[in-house]
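Reader: Hey, got a minute to walk me through this fold? I'd like to start with the strands and get to the pockets later.

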Amino acid sequence: MRHIIVVIATSLLFCLSSSCSSSTSCSQEKYYRIEYSTGGGFTGMEKGLTIECNGWLKNWERKLNSKKEILDSLILDSSTMQKIDKLMKDSEIFSYKMNNISNYTTTLILSNQEKKNIVTYNSSDVPIDLPKSIKAILIEIEKINNNK
């Protein structure tokens, strides 16, 4: 009986480790990360999500002066990831600059290999001059938030 339990436990650990390791890597050319959050106000609380190039989406929140707490995670479907992959290749998302911090701020952090762009704006006043690719990323994030 002990032998069977050891075999089952070993098999389970092997399956878990192999499934996790294959889904966490991205090629060097494709590596990117998107962080989207809103927060501030009286409490200073921030809620957001992080999208990794491998399709992992993590919903999180951060209370004032604390670390992010992961609330939920899931893998995005392939059609959503294909759209995001294409949008993250647009160089325009790294040339646009907007740093407009307010009482309640939306922050979009776009990272692609060595490039990084932080776009901040008043949550109730989305900038009119956002590039099409950034608008499209925000639309995809809105779709993801609506489908949770």
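Author: Sure, and keep in mind that this is a predicted model. S5 and S7 (residues 115-122) pair in the parallel sense, over two bridges.

Reader: Who does Met98 pair with over in S7?

Author: The bridge partner of Met98 there is Val119.

Reader: And what's the strand order in the whole sheet?

Author: It goes S4-S3-S2-S1-S6-S7-S5, an open sheet of seven strands with mixed pairing. The edge strands are S4 (69-75) and S5 (98-99), and each of them pairs on one side only.

Reader: What does H2 touch when it packs on that sheet?

Author: H2 touches S1, S2 (46-52) and S6 (104-112). The direction of H2 makes about 95 degrees with that of S1.

Reader: Tell me about S6. Is it enclosed, and why?

Author: S6 is largely enclosed by the rest of the structure, because seven of its nine residues are buried. For that count, buried means under 20% relative accessible area.

Reader: How does S6 pair with S1, and how many bridges join S6 to S7?

Author: S1 and S6 are antiparallel, with nine bridges between them. One spot to look at is Tyr36, which stands opposite Leu108 in S6. S6 and S7 also run antiparallel, joined by eight bridges. In that pairing, Thr106 has Tyr121 of S7 as its bridge partner.

Reader: Which way do side chains point along a strand like that?

Author: As a general rule, side chains in a regular strand alternate between the two faces of the sheet.

Reader: OK, turns now. What's up with Gln113?

Author: Gln113 isn't a glycine, yet it has a positive phi of about 55 degrees. Gln113 belongs to the loop between S6 and S7, and that hairpin has two residues between the strands. With 36% relative accessibility, Gln113 counts as partly exposed.

Reader: What about the hairpin of S3 and S4, how many residues sit between the strands?

Author: Six residues lie between the strands there. S3 (residues 56-62) and S4 pair in the antiparallel sense over six bridges, and Lys58 stands opposite Ser73 in S4. The loop between S3 and S4 holds Asn65, another residue with a positive phi of about 55 degrees although it is not a glycine.

Reader: Is Asn65 buried or exposed?

Author: Asn65 counts as exposed, because its relative accessibility is 78% and the cut-off for exposed is over 50%.

Reader: Switching to pockets. How much space is in the largest pocket?

Author: About 220 Å³. Fourteen would be a lot to list, so here are the residues closest to its centre, out of the 14 that line it: Tyr36, Tyr121, Val126, Leu138 and Glu142.

Reader: Which element supplies the largest share of that lining?

Author: H4 does, with seven residues. S1 (32-40) and H4 (132-146) each supply at least two residues of the lining. By class, the lining has seven nonpolar, five polar and two charged residues.

Reader: And the second largest pocket, how much space lies there?

Author: About 160 Å³. Of the 10 residues that line the second largest pocket, Asp77, Thr80, Lys143, Ile144 and Asn147 are the closest to its centre. H2 (78-88) and H4 are the elements that give two or more residues to this lining, and H4 has the largest share with three.

Reader: What's the class split for that second lining?

Author: Three nonpolar, two polar and five charged residues.

Reader: One more residue: where is Asp129, and what does it touch?

Author: Asp129 is in the loop between S7 and H4. Not counting residues up to four places away in sequence, Asp129 touches Tyr96 and Met98. The C-alpha atoms of Asp129 and Tyr96 are separated by 9.2 Å, although the two residues are 33 apart along the chain.

Reader: Last thing, the overall tally. How many helices and strands are there?

Author: Four helices and seven strands, following the pattern α-β-β-β-β-α-α-β-β-β-α along the sequence. Of the 148 residues, 34% count as buried. Among contacts between residues at least 6 apart in sequence, 44% join residues at least 24 apart.

Technical notes:
Residues numbered from 1 in each chain as written. Predicted model: local features only at pLDDT ≥ 70, side-chain atom pairs only at ≥ 80, totals over all residues. Heavy atoms only, no water. 1 Å grid on protein atoms, 1.4 Å probe; cavity = no way out; pocket = protein on both sides within 12 Å on 5 of 7 lines; lining within 4 Å. Points joined across faces, edges and corners; volume = space filled by probe spheres on them. Nonpolar A, V, L, I, M, F, W, Y, C, P; charged D, E, K, R; others polar. Pairing = 2+ DSSP bridges. Contact = heavy atoms within 4.5 Å. Axes fitted to C-alpha atoms, helices over the stretch in contact; angles between N-to-C directions. Buried < 20%, exposed > 50% of the residue type's maximum accessible area, 1.4 Å probe, protein only.
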